[in-house]
Amino acid sequence: MSPDTSLPHADNENLEHEAEFHDRWAENVGPDSLDVDAIWDGPGCPEVSWIAEQLGDVRGLRVLDLGSGLGEAAIWFARQGAEVTALDISEHMLAILGRAAARYEVEVETIVGNASDLSMFDDATFDIVYRPEERRVGT
């Protein structure tokens, strides 16, 4: 039996709230504050080193960064030579991502959209779909 890889669907009110929350967050972040090297190559996040090791060479692969936020992963994949599309519900987060990608001299296609509805993409559009798990504290 295959694992369930579907994402929970949220109603429009929750999606709007989520987009507004992340848009407000993005207003307080600048593209210069993203340190992709420290996140992906530093000792502070062993899980990203493990992910990179498991994926191997991504040059030329098509990667979807699902729920990309500020785009640290999208930029890292692009710096490794992948063709990257970043999908996020927050237009402002994607604007920061675009400016940060320019700072790192890489291209990342950005799409504002709901991560639980990927019907805009044909099957097999991407070689890798990267979706970091949310970290929750407490119960």
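**Exercise 1. The overall fold.** How many helices and how many strands does the chain have?

*Solution.* Before counting, note that this is a predicted model, in which local features need pLDDT of at least 70, side-chain atom pairs count only at pLDDT 80 or more, and totals for chains, interfaces and linings use all residues. Residues are numbered from 1 along each chain as its sequence is written, and side-chain values use heavy atoms, with hydrogens and water left out.

Step 1. Take helices as DSSP runs of H or I with at least four residues, and strands as runs of E with at least two, numbered from the N terminus. The chain then has five helices and four strands.

Step 2. Write down their order along the sequence: α-α-α-β-α-β-α-β-β.

Step 3. Look at burial, where buried means under 20% relative accessible area, exposed over 50%, and partly exposed in between (1.4 Å probe, protein chains only). Of the 139 residues in the chain, 37% are buried.

Step 4. Turn to contacts, that is, heavy atoms within 4.5 Å. Among contacts between residues at least 6 apart in sequence, 65% join residues at least 24 apart.

**Exercise 2. A covered helix.** Which residues of α4 are buried?

*Solution.* Step 1. Find helix α4 at residues 72-79; six of its eight residues are buried.

Step 2. Name them: A73, A74, I75, W76, F77 and A78.

Step 3. Zoom in on A74, which has a relative accessible area of 0% and is therefore buried. Leaving out residues up to four places away in sequence, A74 touches D65, V84, A86, L97 and V108. For A74 and V108, the C-alpha atoms are 6.9 Å apart in space, while the two residues are 34 apart in sequence.

Step 4. Follow the chain just past α4, where G81 takes a positive phi of about 100°.

**Exercise 3. Aromatic pairs.** What is the geometry of the pair that F77 and Y130 form?

*Solution.* Step 1. Recall that a pair of aromatic rings is described by the distance of the centres and the angle of the planes. Rings of Phe, Tyr and Trp (its six-membered ring) pair if their centres lie within 6.5 Å; planes under 30 degrees apart count as stacked, over 60 as edge-to-face and the rest as tilted.

Step 2. The structure holds three aromatic pairs. In one of them, F77 and Y130 sit 5.5 Å centre to centre with 65° between the planes, an edge-to-face arrangement.

Step 3. Place the partners: F77 is in helix α4 and Y130 in strand β4 (residues 128-130), so this pair links distant parts of the chain, 53 residues apart. Both F77 and Y130 are buried.

Step 4. Compare with F121 and F126: their ring centres are 5.0 Å apart and their planes at 80°, so this pair is edge-to-face. F121 is buried at 16% relative accessible area, and F126 is buried at 17%.

Step 5. Add W76 to the picture: W76, F77 and Y130 form one aromatic cluster.

**Exercise 4. Salt bridges.** Which residue forms a salt bridge with R62?

*Solution.* Step 1. Set the criterion: a side-chain nitrogen of Lys or Arg within 4 Å of a carboxyl oxygen of Asp or Glu. The structure holds three salt bridges.

Step 2. R62 pairs with D127, with the closest N and O atoms 3.1 Å apart. D127 lies in the loop between β3 (108-112) and β4, and R62 in strand β1 (residues 62-66), so the pair ties together parts that are 65 residues apart in sequence. D127 is partly exposed at 40%, and R62 is partly exposed at 32%.

Step 3. Return to α4, where R79 meets D37 in a salt bridge at 2.5 Å, N to O. R79 belongs to helix α4 and D37 to helix α2 (residues 36-41), so parts 42 residues apart in sequence are tied together. R79 is partly exposed at 36%, as is D37 at 33%.

Step 4. Finish with D57 and R59, whose closest N and O atoms are 2.6 Å apart in a salt bridge. D57 is partly exposed at 49%, whereas R59 counts as exposed at 60%.

**Exercise 5. One histidine.** Is H22 buried or exposed?

*Solution.* Step 1. Locate H22 in helix α1 (residues 12-26).

Step 2. Check its relative accessibility: at 17%, H22 counts as buried.

Step 3. List its contacts beyond neighbours within four places in sequence: S90 and M93.
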